[in-house]
Amino acid sequence: MLTPPSSSAAERTDESAIHIGALVPLTRPGWVEAGRHLLAGMELAVRDVNDAGGIAGRPIELVVRDTAADPQAAKAAVDELAGLGVAALAGEYHSVVARAAAARADALGLPFLCASAVLDALTERPTEWVARLAPPQSRGWQLYADFLLGAGHRRILLAAQASVYWAAGARILRNYLAPRGGTVIELDMGALDPAAACDQLVEHRATALLLLVGFPEPAVSIVKSVRHDPRLAGILIGAPAGQPEFAEWTALLGNDGAAIPFLRYLPERLSPLGERVETALCERLAQAPSFVAFEGYDTIAVLADVLRLHGADRARMAEAWPHVAVEGTRGLIQFSRTPDISVWQWAWAPIQVVDRDPAQPDRFRILHAS
């Protein structure tokens, strides 16, 4: 596999291979652990495809580019990869970055299978060039809102930072909860420190605080402040964006990071393929794989199937999205047009609300599921 050189002149590729551009956050301020899991899943799938004979005898090779959570870097990477002749793009974790990559891929006529980003408006206009595995944000966050209502939470504070992604999440929660008797109050964490957020929780008599902020900071500081404020002993802390999924969360927060519900995109039981992949990913990562690693694997599995059936012609690959039927690690993957979603969407990706068990923080408890 190729690591991201600074100059395309440094590329060393197999000329017989079919190249796929891989977009992943590998350096800060990107979420490096998420990027590592995403890339591990993609690399494992490439190995499996090539061990099985490749695509009509030709191997797949990843050309990896680090997006570092930077939309401009992502657009530049798409331009570079298109010029290098990749058949398609795969990956990306951060929604705002994926949106920039998707717009550029659409403009260039380059197929892009987005692995993890959930922002509903991944492109501003309907496109035939982009498909997505992760469920749209509206579906996942509405399920999360259902969980909150079912647990009796009606007064909810959002600790939010400014971004398109967080603003979209806040809007989804507000629009879904308000007609069902919920009150959503948004705190600007660009103007408040964690102690002030605790004061606001008390003042508004909220029963839940949702983290719509970056990790590690200010998320870690907010959690610690709430957990150690005696006025807030009964407060539910939630993280719908999934920050507690990764081991770094527990490393930084310990027991304070347990019992914080979040969204993850796994079924109750993996498919037989998923169980085999889970074992291999554990060896590759030296830890339990996150759902993001499975998304990475499934992305390459889908692209490999498209390549087998339709070849490496970009236009033919894009035309193939509605005909995909691939057994992935988490179920049968098929794409369709979903209302208000501008890309080809895996409509029934599994969604869970889970948390880390306070008695055993490396174990997840399923609290609610689609």
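**Group meeting: a walk through the sheets and cores**

Okay, let's start with what the record says. An unreviewed UniProt entry carries the annotation "domain: Leucine-binding protein", and that annotation covers residues 18–338. One thing to keep in mind throughout is that this is a predicted model. Over residues 18–338, the chain is 44% helix and 17% strand. The C-alpha atoms at the two ends of that stretch sit 30 Å apart.

So, let's go to the seven-stranded sheet. In what order do the seven strands of this open sheet run? The order is β2-β1-β3-β4-β5-β14-β13, with mixed pairing. At the edges you'll find β2 (60–66) and β13 (335–336), each pairing on one side only.

Let me zoom in on β1, residues 18–24. On one flank, β1 pairs with β2 in the parallel sense, over seven bridges, and there His-19 stands opposite Glu-61 in β2. Then there's β3, residues 88–91, which pairs with β1 in the parallel sense too, over four bridges. If you want to find that pairing on screen, look for Ile-20, which stands opposite Ala-88, and for Gly-21, which stands opposite Leu-89.

How many of the seven residues of β1 are buried? Seven of the seven, so to speak the full strand. Both faces are covered: Ile-18, Ile-20, Ala-22 and Val-24 are buried on one side, and His-19, Gly-21 and Leu-23 are buried on the other. And how do you get from β1 to β2? Helix α1, residues 32–51, goes with these two strands to make a right-handed β-α-β unit.

Now the helices that pack on this sheet. Helix α10 (residues 291–310) touches β1, β2, β3, β4 and β13, and its direction makes about 160° with that of β3. Helix α3 is residues 95–108, and it packs on the sheet as well, touching β1, β3, β4 (112–114) and β5 (130–132). Its direction makes about 160° with that of β4.

Just ahead of α10 there's a residue I'd like you to click on. Ser-290 is found in the loop between α9 (272–285) and α10. Is Ser-290 buried or exposed? Its relative accessibility is 2%, so Ser-290 counts as buried. Leaving out residues up to four places away in sequence, Ser-290 touches His-37, Glu-245 and Phe-246. Ser-290 and Ala-45 are 245 residues apart along the chain, yet their C-alpha atoms are separated by 15 Å.

Next, the nonpolar cores. The largest one has 114 residues, and the members touching the most other members are Met-42, Leu-62, Trp-141, Val-226 and Phe-335. Which helix gives this core its largest share? That's α10, with twelve residues. Take Met-42 as an example: leaving out residues up to four places away in sequence, Met-42 touches Ala-22, Val-24, Leu-62, Ala-90, Gly-91, Gly-296, Tyr-297 and Ile-300. Apart from the largest core lies another one, of 22 residues, including Val-63, Val-97, Phe-112 and Val-130.

Moving along the chain, we come to β6, residues 155–160. Five of its six residues are buried, so β6 is largely enclosed by the rest of the structure. β6 pairs in the parallel sense with β7 (residues 183–188) over six bridges, and Leu-157 stands opposite Ile-185 in β7. Helix α5, residues 164–177, joins β6 and β7 in a right-handed β-α-β unit. β6 also runs parallel to β8 (residues 208–212), joined by five bridges. The bridge partner of Ala-159 in β8 is Leu-211.

Last stop, a three-stranded sheet. This open sheet has antiparallel pairing and the order β10-β15-β16. β10 (262–264) and β16 (360–369) have a single partner strand each, so one side of each is left without a neighbour in the sheet. Direction ignored, neighbouring strands here are turned by 45° against each other on average. β10 and β15 (residues 352–357) pair in the antiparallel sense over three bridges, and Gln-352 in β15 is the bridge partner of Arg-264. Helix α4, residues 137–150, packs on this sheet and touches β10, β15 and β16. The direction of α4 makes about 95° with that of β16.

That's the tour, thanks everyone.

Conventions: Residues are numbered from 1 along each chain as its sequence is written. This is a predicted model: local features need pLDDT of at least 70, side-chain atom pairs count only at pLDDT 80 or more; totals for chains, interfaces and linings use all residues. Side-chain values use heavy atoms; hydrogens and water are left out. UniProt positions are given in the numbering used here, feature names are shortened, and annotations may be inferred rather than shown by experiment. Two strands pair if DSSP finds at least two bridges between them. Contact means heavy atoms within 4.5 Å. Axes are lines fitted to C-alpha atoms, for helices over the stretch in contact, and angles run from 0 to 180 degrees between N-to-C directions. Buried means under 20% relative accessible area, exposed over 50%, partly exposed in between (1.4 Å probe, protein chains only). A crossover is right-handed if, with the strands pointing away from the viewer, the path from the first strand over the helix to the second runs clockwise. A nonpolar core is a set of buried Ala, Val, Leu, Ile, Met, Phe, Trp, Tyr and Cys residues joined through side-chain atoms within 4.5 Å.
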